[in-house]
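Good morning, colleagues. I should like to take you through one structure, beginning with a single residue and moving outward to the cores and domains.

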Amino acid sequence: MERFQYTRARTIPEAIGIGAQATTAQQGAPVRFLAGGTTLVDLMKLNVEHPTRLVDINHLALNAIEHMPDGGLRIGALVRNAALAHDATVMKDYRVLSEALLSGASAQLRNVATTGGNLLQRTRCMYFRNTAMACNKREPGSGCSAIAGDNRSLAILGTSPQCIATNPSDMNVALAALDATVQVQGSKGERTIPFRDFHLLPGDTPHRETVLEPGDLVTHVTLAAPRAGATSRYLKLRDRASYEFALASAAVIVEVSGGRFGNVSIAMGGIGTKPWRMTAAEQALAGAPVDEATIVRAAKLALADAKPQSENGFKVELAQRCLAHALRLATGMAAS
Amino acid sequence: MRLTINGVPRDVPAGDHETLLAVIRERLQLTGTKEGCARGECGACTVLIDGRAAYSCLTLAAGCADSAVTTIEGLGRADALHPLQQAFIEQDALQCGFCTPGQLLAAAALIARTPRPSEDDVRVALSGNLCRCGTYPKLVRAVMQAAEMMRAEP
């Protein structure tokens, strides 16, 4: 690991001030905020990230889960994944989020990894993680070794000729379905970013993954009040039953009344270059009868725009089956 | 930097770039904690930080100044084994032993949180610790036995 200057931030303005001195907050940023470090330290060891300055934000007062007057929940950026997953309110009212968090990583990582850090989790694409390989996300303009390479685990939605890397986070999939908002403080003040606008598609700039600018510090993630009567579930399919990234996952929040679907929110992971909201399938389900034919039709519709890579054609059907079964679980058509 | 390891405050001449694992092994010569993959995948470097299991290979020592770190040297003594260590011996839950310190600490964190774990609880809790000898069935039996022993003698 290359040497760096380590600073323990005592206040949010101090952290922002140091971060704002950088030229970018994206890949290769010279200043990085250190929270759990489970992604950052790993990538520094691999020389994928080589900041000259680390600002340790672990002692900022951003580790509370607060109940909001409108019935929602405000989650501090430093709340650890394990603490969030086991929070009584999250387990009861936002089951999809608790299940997503507990399906990710291992106990050791969940104890340390934070809400803000998980939001910014980097792809596991092996070409991104290996500096001997061409990767437009790591070194803009160097090419993409994954497109003609081992791309079994990579994306089938949101890809570009420059990048097919998958967003690896389970938490992000749940937050996408929950229509979370991200609170950011920066040198120009505070702002709130809808979750769907937070992550960027790779396009021609895969090294830009979020809308964050130098000095921007994610302070909170906020959830709206839980929908009365809604049921939510997270289903993750992978090569082994624990401690593995998703090949396909689905976060669903469904309302059912009189045998018909009401409002439905669906997001999927393991298949997109960012957490992927399935709006066409949501619209197809709203008002439709809760039965097998409806569910299968919606699942097929969800993947209609999928563009498989050379080695991951199986993901289209896997994702359809994943979504269909998540809907069966959420509606009680299947027991977990 | 000042670190509290197994209840003892230690002043350590370490750089800000050094991981907790490197400081524990190379500066403090506490070599029970193992370096396997060094990237948070194998669990051999597991320690307890403020009672919670964590990978010391991905943790910067500089960030641990206010924390209490427990390594395998702090779990039991040669003349007074921890129930988990006793159960690992009785169930023969190790072959080469390289992953054992991490397995023990991950299991200790599980039992502290879940005194009456199911076998599935054990499998999931230990899934962040790889054993290349493949002694997983015996690991599960040993942790179940230790949990029972610890419930019997509080």
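Let us begin with the contacts of A:Met68. Apart from neighbours within four places in sequence, this residue touches A:Leu73 and A:Arg74. I should say at once that the model is predicted. A:Met68 sits in the loop that joins β4 (65-67) to β5 (73-76) of chain A.

Is A:Met68 buried or exposed? Its relative accessible area is 29%, and because buried means under 20% and exposed over 50%, A:Met68 counts as partly exposed. In sequence, A:Met68 and A:Leu223 are 155 residues apart, yet their C-alpha atoms lie 9.3 Å apart in space.

A:Leu223 leads us to the interior. The largest nonpolar core has 34 residues, and A:Leu223 is listed among those with the most contacts inside it, together with A:Leu97, A:Leu119, A:Leu175, A:Val182 and A:Val218. Several elements of chain A supply at least two residues each, including β5, α5 (95-103), β6 (181-186) and β8 (217-223). Which element gives the most to this core? That is α8(A), with six residues.

Consider next A:Leu175. Beyond four places in sequence, its contacts include A:Leu97, A:Leu119 and A:Leu223, and also A:Ala180, A:Phe195 and A:Val221. There is, in addition, a second, separate core of 31 residues, among them A:Leu157, A:Ala248, A:Val252 and A:Ala306.

Finally, the domains. The assignment for chain A gives domain 1 as 5-56 and domain 2 as 231-331. The C-alpha centres of these two domains of chain A are 36 Å apart. Thank you for your attention.

Conventions. Residues are numbered from 1 along each chain as its sequence is written. Chains are lettered from A and ligands numbered from 1 in the order in which they are written. This is a predicted model: local features need pLDDT of at least 70, side-chain atom pairs count only at pLDDT 80 or more; totals for chains, interfaces and linings use all residues. Side-chain values use heavy atoms; hydrogens and water are left out. Helices (H or I, at least four residues) and strands (E, at least two) are DSSP runs, numbered from the N terminus. Buried means under 20% relative accessible area, exposed over 50%, partly exposed in between (1.4 Å probe, protein chains only). Contact means heavy atoms within 4.5 Å. Domain bounds come from an automatic or database domain assignment. A nonpolar core is a set of buried Ala, Val, Leu, Ile, Met, Phe, Trp, Tyr and Cys residues joined through side-chain atoms within 4.5 Å.
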